[in-house]
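Biologist: Could you take me through one part of this model closely, namely the site around ligand 1 and the metal beside it? I would like a connected account rather than a list.

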Amino acid sequence: MITLGEYIIAQQNEYPKATGELSLLLSSIRLAAKVVNREINTAGLVDIIGVTGLENVQGEVQQKMDLFANNVFKSALEARGEVCGVASEEEEDIIIFDSERSVNSKYVVLMDPLDGSSNIDVNVSIGTIFSVYQRLSPLGEPVVLDDFLQPGIRQVAAGYIIYGSSTMLVYTTGNGVHGFTCDPSLGVFYLSHENIQIPVTGKIYSINEGNYLKFPDGVKKYLKHCQEIEPASNRPYTSRYIGSLVSDFHRNLLKGGIYIYPSTASAPKGKLRLLYECNPMAFLIEQAGGRASDGFNRIMTIEPTELHQRVPFFCGSSEMMDDVEGMMEKYSPQH
Ligand code: AHM
Ligand code: MG
């Protein structure tokens, strides 16, 4: 049984020049994940506790869960000073850590602290997504916005935590994708999925089909292709959509499949955010042998211009990506 802590240290030891800062940073994320996990598991009790007029189980006033997660991850990353700043879906601007240790640290973290949070009320899996870069500005100075606006290919690490039927932490540092499952009785993450590889093709497509009429023609054609009967290529495929990116991604990563959140007539840039939703997932899927694009261009080479920038997102098994991109090129070519 190998724990996440042991695994991180073992990976660090393979790089003689490693300073251990990234390992500490990942340990902070692991700690915050445990705290958020504990809170999510009591989310269903909030109404009962509210009715009786008692405080919640930790003796705190209950916050909205996504704000709670944001605060927990922020504090954990600030506490040990391995990070000079954070950007979060929950915060309009970057957060600059200004302790002496923090301004001398080389990493920034971008995160979606609780993605798919509307699913909490109905007891459906949700997740945290994170992405780590080295800063561009000099050590010793406060971090600046440009440190966060880097293309995904410069990521040093990325990962997610899925709060599901089990809680898992899945991450990459550019050396494969590894998954750890939390033993709830001990609060320890154990290595359960080493070197995850996504199958080159799959049977699952994940998209919010309610928006069908607003999709680009290339996506409409691809969906019809998924639904056609052709046993030789395993079609029709199966439609699965949780509406929680981490959960949809995790299932497709393990089973093979494709996730699409395209541009729509009303949202020409799609819905998902480049920096803390799409880039980390793109890094993970590429490390697992799959691909991620905006329908035409590799996600990780897009030059970001804004912190909360949106981008159409296509991500999954490489052969399925080839098919959908071929149809985008043919029926919805980029101008
Ligand atoms: P959020 O960051 O506000 O939670 O939104 C992101 C979520 C993703 O988890 C999910 O894949 C997508 O939004 C679902 O959107 P929709 O309800 O439009 O299908
Ligand atoms: Mg989100």
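**The site around ligand 1**

Modeller: The residues that form the shell around ligand 1 divide into five nonpolar, five polar and five charged, and please keep in mind throughout that this is a predicted model. In total, 15 residues surround ligand 1, and the closest are D115, Y241, L245, Y259 and Y261. The shell takes at least three residues from each of two domains, domain 1 (4-193) and domain 2 (204-331).

Turning to the polar contacts, a polar side-chain atom of D115 lies 2.5 Å from an oxygen atom of ligand 1. For E89, an N or O atom of the side chain is 2.9 Å from an oxygen atom of the ligand, and for K271 the separation between a side-chain N or O atom and an oxygen atom of ligand 1 is 2.9 Å. On its own, ligand 1 has 470 Å² of accessible area, and the protein covers 78% of that area. Among the elements of the fold, β3 (107-115) and β11 (257-261) are those that give two or more residues to the shell.

The metal brings some of these residues up again. The magnesium ion, which is ligand 2, has as its protein donors E89 (OE), D112 (OD), D115 (OD) and E277 (OE), and these lie 1.9 to 2.5 Å from the ion. Along the chain, the donors follow the spacing E-x22-D-x2-D-x161-E. Because D115 lies in strand β3 whereas E277 belongs to helix α8 (residues 274-287), this pair ties together parts that are 162 residues apart in sequence. Both D115 and E277 are buried. E89 therefore appears twice in this account, as a residue with a side-chain N or O atom 2.9 Å from an oxygen atom of ligand 1 and as a donor of the magnesium ion through OE, because a polar contact is a pair of N or O atoms within 3.5 Å and a metal donor is an N, O or S atom within 2.8 Å of the metal.

One stretch of backbone in the model also deserves a careful look. In the loop between α6 (217-227) and β10 (238-239), where P236 is found, the peptide bond from R235 to P236 is cis, with omega near 5 degrees. N234 lies in the loop between α6 and β10 as well, and its phi is near 65 degrees, a positive value in a residue other than glycine. Most residues other than glycine have a negative phi, and most peptide bonds are trans. With a relative accessibility of 46%, N234 counts as partly exposed.

Note on methods. Residues numbered from 1 in each chain as written. Chains lettered and ligands numbered in written order. Predicted model: local features only at pLDDT ≥ 70, side-chain atom pairs only at ≥ 80, totals over all residues. Heavy atoms only, no water. Near = heavy atom within 4 Å. Polar contact = N/O pair within 3.5 Å; in protein donor to acceptor, adjacent residues only side chain to side chain. Areas by Shrake-Rupley, 256 points an atom, 1.4 Å probe, with all protein chains shown as cover. Helix = DSSP H or I, 4+ residues; strand = E, 2+ residues; numbered from the N terminus. Nonpolar A, V, L, I, M, F, W, Y, C, P; charged D, E, K, R; others polar. Domains from an automatic or database assignment. Donors = N, O, S within 2.8 Å, 3.2 Å for Na, K, Ca; no water. Buried < 20%, exposed > 50% of the residue type's maximum accessible area, 1.4 Å probe, protein only.
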